[in-house]
Amino acid sequence: MDRGGRGGELVSGGALPVLWLCGPPGVGKTTVAWELYSQFTRAGIEVGHVDIDQLGICYPEPAADPGRHLMKAHNLDAVAAGFLAAGARCLIVSGVVDPAQGVHIDSIPRASLTVCRLRADRDELRRRLVGRGGDASLVEDVLRDSVAVTAPTGDVCRGRGAGGEGRVRSRGRGRRPRGRR
């Protein structure tokens with residue numbers, strides 16, 4: 001589908017390509033998302049960026065939506081529509097996903113979603129969390145909680161780096177980039 005003008009080509013059905021970076025606290029979700037956003041804008045690509053936590057700041061937490069994950073998904077759909085109307089060709093999201101359900105994809109029909117879980121080893125996460133003023137003794141709790149998030153994310157993307165392996169597995173409504181199988 002060609003939108004013409006500022007937005008360029010979209011995936012079938014007018015959905016906005018969305019890259020959701022997730023992982024445990026301290027892994028670098030916000031840093032990586034901002035760097036991607038900055039590179040896209042420098043290249044002249046119309047792009048949006050949102051931290052998913054900002055879409056769920058609401059008190060009190062709805063009893064039927066612990067963690068406000070469903071609320072965040074509904075709000076992300078509205079934000080995606082706004083970015084799409086403004087001419088964005090893609091959207092970068094940073095933040096945690098529902099540890100029990102993963103991304104509530106049915107609540108984001110305007111998104112062609114790819115989820116990328118970022119990883120860092122325990123020592124690096126500990127260094128980053130303590131560097132933020134966090135309690136090093138809580139790192140094990142954070143790591144244990146992050147394991148629960150791994151299974152439901154659907155798509156997985158791991159970068160190459162110290163001790164890392166490169167692997168991409170894609171699932172969902174999104175188109176694969178050309179040349180990838």
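Read along the sequence, the chain runs β-α-β-α-β-β-α-α-β-β. That makes four helices and six strands. The model is a predicted one. The chain has 181 residues, and 37% of them count as buried. Its accessible surface comes to about 10400 Å². Carbon and sulfur atoms account for 52% of that surface.

How do contacts spread along the sequence? Take the contacts between residues at least 6 apart in sequence. Of these, 69% join residues at least 24 apart.

Start inside with β1, which spans residues 16-22. Five of its seven residues are buried, so β1 is largely enclosed by the rest of the structure. Strand pairing involves β1 twice over. With β4, β1 pairs in the parallel sense over seven bridges. Here L16 stands opposite A111 of β4. With β3, β1 also pairs in the parallel sense, over four bridges. In β3, S94 is the residue opposite L21.

Now turn to the side chains. The largest nonpolar core holds 19 residues. Those that touch the most other members are W20, L76, L91, V93, V103 and I108. Four elements give two or more residues to this core: β1, α2 (69-85), β3 (90-94) and β4 (111-117). Apart from this core lies another, of nine residues. L21, V27, C90 and L118 are among its members.

V93 is a good residue to click on. Which residues does V93 contact, leaving aside its neighbours within four places in sequence? The set is V18, L19, W20, L21, V50, I52 and L76. Two of these names, W20 and L76, appeared above with V93 among the residues that touch the most other members of the largest core.

Last, the cysteines. A disulfide is a covalent bond between the sulfur atoms of two cysteines. How many disulfides are there in this model? The count comes to zero. The test is a pair of cysteine sulfur atoms within 2.5 Å. Why does C22 fail it? Its closest cysteine sulfur is in C116, and the separation is 7.4 Å, too far for a bond. C22 is buried, with a relative accessible area of 0%. C90 is buried as well, with a relative accessible area of 13%. C90 also belongs to the nine-residue core.

Notes. Residues numbered from 1 in each chain as written. Predicted model: local features only at pLDDT ≥ 70, side-chain atom pairs only at ≥ 80, totals over all residues. Heavy atoms only, no water. Core = buried A, V, L, I, M, F, W, Y, C linked by side-chain atoms within 4.5 Å. Buried < 20%, exposed > 50% of the residue type's maximum accessible area, 1.4 Å probe, protein only. Contact = heavy atoms within 4.5 Å. Areas by Shrake-Rupley, 256 points an atom, 1.4 Å probe, with all protein chains shown as cover. Pairing = 2+ DSSP bridges.
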